[in-house]
Amino acid sequence: MGAKRADIPIVGQDQTEHLQGVLRGLVAGTDPVRLLEQALKGAVQAAHGRQGLLVGLVDGVSTPVASTGPVPRVVVDAADAAISSGRLARRTERETKRGALAECLRVGDRVVGALSIGGDPATLDPVQLPLFAHCASLALARRPSTAATSVTEVLDAVAGVASDLDGASVLVRVFDAAERLFGATAGFCAVFEGSAVRIPHFRGLDREGLREASRHPEFKALLTSPGLRIDPPTHPAVALLSNGVETAVGLPLHADGRRLGHLVLLLGESPDAALRAMLTSFATHVALALRSAQLYRRVGDKEEQLTSVVHCMANPVLVVDDAARFVLINGAAAELFSIAAAFELGQPVAGKLGHPLLEEMLIDHNHGSTTEVVIGEVEPRVYKASARPVLSSGGRVLGRVLVLDDITKERETDQVKSDFVAVIGHELRTPLTVMKGYLRTLVHRGEMLDPHVRELALKAIESNADRLQRLIEDVLFVSAVETGRTTLHLEDTDLGALVDAVVQDRVKVKRPRKDLTLSIDTAKVQQVLNHLLDNALKYSDGEVVVEIQDRGEEVEVAVVDNGPGIFSGDVPRLFERFFQLDGASTRAHGGTGIGLYVSRRLVEAHGGKIWCESRLGVGSRFAFTLPRWRELETTDVTIDEPIATDAAIDVGTAS
Ligand code: ADP
């Protein structure tokens with residue numbers, strides 16, 4: 001019953017009697033069927049009609065509740081039209097010249113039936129129909145068929161409520177059941193949240209009316225009683241809710257020893273002892289249903305949180321229950337094992353992963369908890385697999401979880417490091433052995449040697465010492481780059497002169513005759529040039545050409561040889577750290593696989609680029625650029641590019 005209802009229109013003397021009779025009867029609790037008949041009779045008179053029909057909605061189906069006798073079809077049609085449109089409906093049958101007017105019956109916002117009057121379409125008068133419809137709605141809500149007759153019936157009704165685990169629909173069911181069992185067409189449920197009260201659901205009341213009542217100082221009393229509480233229609237807050245005709249029954253909702261909230265139902269009459277017992281039992285079940293819904297939601301939220309975290313993880317994760325059936329498969333695991341989570345959840349894990357050891361770790365609770373496995377045939381990767389039991393808070397084993405950690409990179413890095421140590425040891429030993437040999441000869445037989453031979457020995461010692469120094473500098477440079485400690489010392493340098501200085505046998509320089517002054521770290525650029533020349537001389541027998549070209553914004557330096565050339569598939573990886581071509585020529589020449597990597601880092605630090613063009617059997621051209629202008633505030637540039645962000649030098653993909 002809305003707190004704000006249509007104002008009562010002025011009524012003729014003869015109809016007042018009917019209305020008063022109905023209202024009095026409602027308050028006095030007269031048999032609702034009689035009241036309905038009385039309201040119907042009054043309505044027929046007031047509308048100047050001949051027949052009247054009252055229909056009620058029972059489970060969504062319109063059912064005749066009272067009539068003044070047999071009614072023509074048009075009266076039924078008008079009633080249906082009023083119900084479906086929710087408004088006054090007017091119908092006329094042309095052939096029979098019969099007409100009908102129907103008004104819908106509402107409780108709060110809900111349409112619960114219709115009052116339809118048949119008669120002469122020319123004289124049917126709708127003015128007072130809403131008033132009778134209103135009285136009829138009140139009487140309809142009071143029909144004996146709507147009252148519960150036993151606790152069993154209450155239990156049956158609340159069983160449906162308890163089976164629902166969604167908080168919002170539990171409340172809808174609560175009010176459906178309250179209406180069916182106790183004829184409570186209006187009421188609300190209040191929920192306690194800390195010190196605040198929230199009203200998540202109400203029925204048969206309008207929002208504003210409820211809000212107004214809730215501001216009344218006596219309203220709180222309706223919600224705070226520890227047991228069933230009955231407030232008469234005269235209670236000021238109840239009067240605001242029900243226009244002073246209904247009794248409020250307050251039912252505390254207790255579950256798990258705590259107060260969840262309060263249910264307030266508006267009833268046509270004060271419940272007797274039997275009905276009170278049923279109401280109390282009803283409240284107990286409502287509270288339990290609400291509590292279950294709350295807990296269910298909380299558990300659901302937790303589970304959803306956990307699941308989404310696991311799904312976001314890059315590590316493959318699998319969870320099985322205590323019977324080793326899949327409970328959770330995250331995206332990474334589904335991809336790794338080529339299984340579809342949608343099909344496999346609930347299925348036994350055995351035979352599904354294509355990896356007996358991992359399946360065993362999930363199935364057998366006594367199995368070792370950590371191991372290293374290799375997965376994948378085309379691109380095998382190394383994983384550290386850890387299995388742990390999933391325990392309940394009471395320590396019961398609910399299942400097992402398997403987490404995989406891709407450690408391919410770590411393992412490759414370990415391998416590369418140990419290879420590097422072996423290679424570098426070898427590379428250091430070679431020039432040292434040569435130097436020692438010559439030194440021994442000079443020490444023991446120096447006096448006896450031909451000056452020309454002595455000169456050759458000293459040159460060999462010098463060039464091997466240079467090689468040793470370069471090697472050590474390269475190794476130190478690689479380590480410095482990785483810890484971000486390398487600095488360029490820029491100075492104006494004539495690139496032409498720098499190139500001229502490296503000329504030796506077999507090397508020819510092609511350069512423009514103009515000034516090529518650039519701001520560079522002379523020693524570092526020399527280091528790059530030496531690397532490229534060393535390689536070219538190492539891998540070819542013929543002439544090596546150093547070309548310098550002025551390209552405006554930048555200067556390009558290239559070292560061209562006519563050596564064996566490089567397979568195009570290997571070219572993109574030449575500048576990676578520790579990359580060496582796997583071939584007889586490489587093996588014959590030794591090397592560490594860091595020269596080109598160091599060259600690239602140095603050129604890039606200068607703001608330039610380095611690349612290789614090569615054709616098998618024809619030769620190679622290694623070129624790099626240096627920008628002409630550098631806009632720098634200082635002349636010191638720190639190379640602090642972290643190695644991990646540079647895909648080209650990613651160790652994981654190198655070998
Ligand atoms: P290394 O010290 O092993 O020579 P680099 O980084 O200088 O290392 O070179 C990497 C690989 O590139 C070498 O192992 C070699 O196989 C190949 N390479 C470099 N320069 C040439 C070239 N001019 N001709 C053919 N192959 C070359």
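This passage walks through two sheets, a helix pair and a set of salt bridges in a predicted model. Local features are taken up at pLDDT of at least 70 and side-chain atom pairs at pLDDT 80 or more, while totals for chains, interfaces and linings use all residues. Residues are numbered from 1 along each chain as its sequence is written, and side-chain values rest on heavy atoms, with hydrogens and water left out.

Start with the open sheet whose five strands come in the order 7-6-10-9-8, with antiparallel pairing. Strands here are DSSP runs of E of at least two residues, helices are runs of H or I of at least four, and both are numbered from the N terminus; two strands count as paired if DSSP finds at least two bridges between them. Strand 7 (196–203) and strand 8 (229–231) sit at the edges with a single partner strand each, so one side of each has no neighbour in the sheet. From one strand to the next, the twist averages 20 degrees. Helix 6 (residues 167–182) packs on this sheet and touches strand 6 (186–193), strand 7 and strand 10, contact meaning heavy atoms within 4.5 Å. The direction of helix 6 makes about 55 degrees with that of strand 7; such angles run from 0 to 180 degrees between N-to-C directions, and axes are lines fitted to C-alpha atoms, for helices over the stretch in contact. Elsewhere in the sheet, nine bridges hold strand 9 (residues 247–255) and strand 10 (residues 258–267) in an antiparallel pair, with Thr 247 bridged to Leu 267 of strand 10.

The other open sheet also has its five strands listed in order, 18-20-21-23-22, but its pairing is mixed. At its edges stand strand 18 (507–510) and strand 22 (610–615), each with a single partner strand, so one side of each is left free of a neighbour in the sheet. Direction ignored, neighbouring strands are turned by 15 degrees against each other on average. The parallel part includes strand 18 and strand 20, joined by four bridges, with Val 509 opposite Val 546 in strand 20. Strand 20 (residues 544–550) then runs antiparallel to strand 21 over six bridges, and Val 545 faces Val 560 of strand 21. Three residues lie between these two strands in their hairpin, where Gly 552 takes a positive phi near 80 degrees. On to strand 23 (residues 619–627), which is antiparallel to strand 21 and joined to it by eight bridges; Phe 624 in strand 23 is the bridge partner of Val 557. Strand 21 (residues 554–561) is mostly covered, with six of its eight residues buried, that is, under 20% relative accessible area (exposed is over 50%, partly exposed in between; 1.4 Å probe, protein chains only).

As for helix packing, helix 17 (residues 522–539) and helix 19 (residues 595–605) meet at an angle of about 145 degrees, their axes 9 Å apart. Helix 17 brings Lys 524, Gln 527, Val 528, His 531, Leu 532 and Asn 535 to the contact, and helix 19 brings Gly 595, Leu 596, Val 598, Ser 599, Leu 602 and Val 603.

The structure holds 24 salt bridges, each a side-chain nitrogen of Lys or Arg within 4 Å of a carboxyl oxygen of Asp or Glu. In one of them, Arg 467 meets Glu 427 with the closest N and O atoms 3.6 Å apart. Arg 467 belongs to helix 15 (residues 451–483) and Glu 427 to helix 14 (residues 408–445), so the pair ties together parts 40 residues apart in sequence. Arg 467 is partly exposed at 34% relative accessible area, whereas Glu 427, at 6%, counts as buried.

Asp 500 and Arg 511 form another salt bridge, with closest N and O atoms 2.9 Å apart. Asp 500 lies in helix 16 (residues 495–502) and Arg 511 in the loop between strand 18 and strand 19 (517–520), 11 residues apart. Asp 550 and Arg 628 also meet in a salt bridge (3.7 Å, N to O). This pair links strand 20, home of Asp 550, to Arg 628 in the loop between strand 23 and strand 24 (636–639), 78 residues apart. Asp 550 is partly exposed at 26%, and Arg 628 is buried at 17%. Finally, shared partners join the salt bridges of Glu 547, Arg 551, Glu 556, Glu 613 and Arg 621 into one network.
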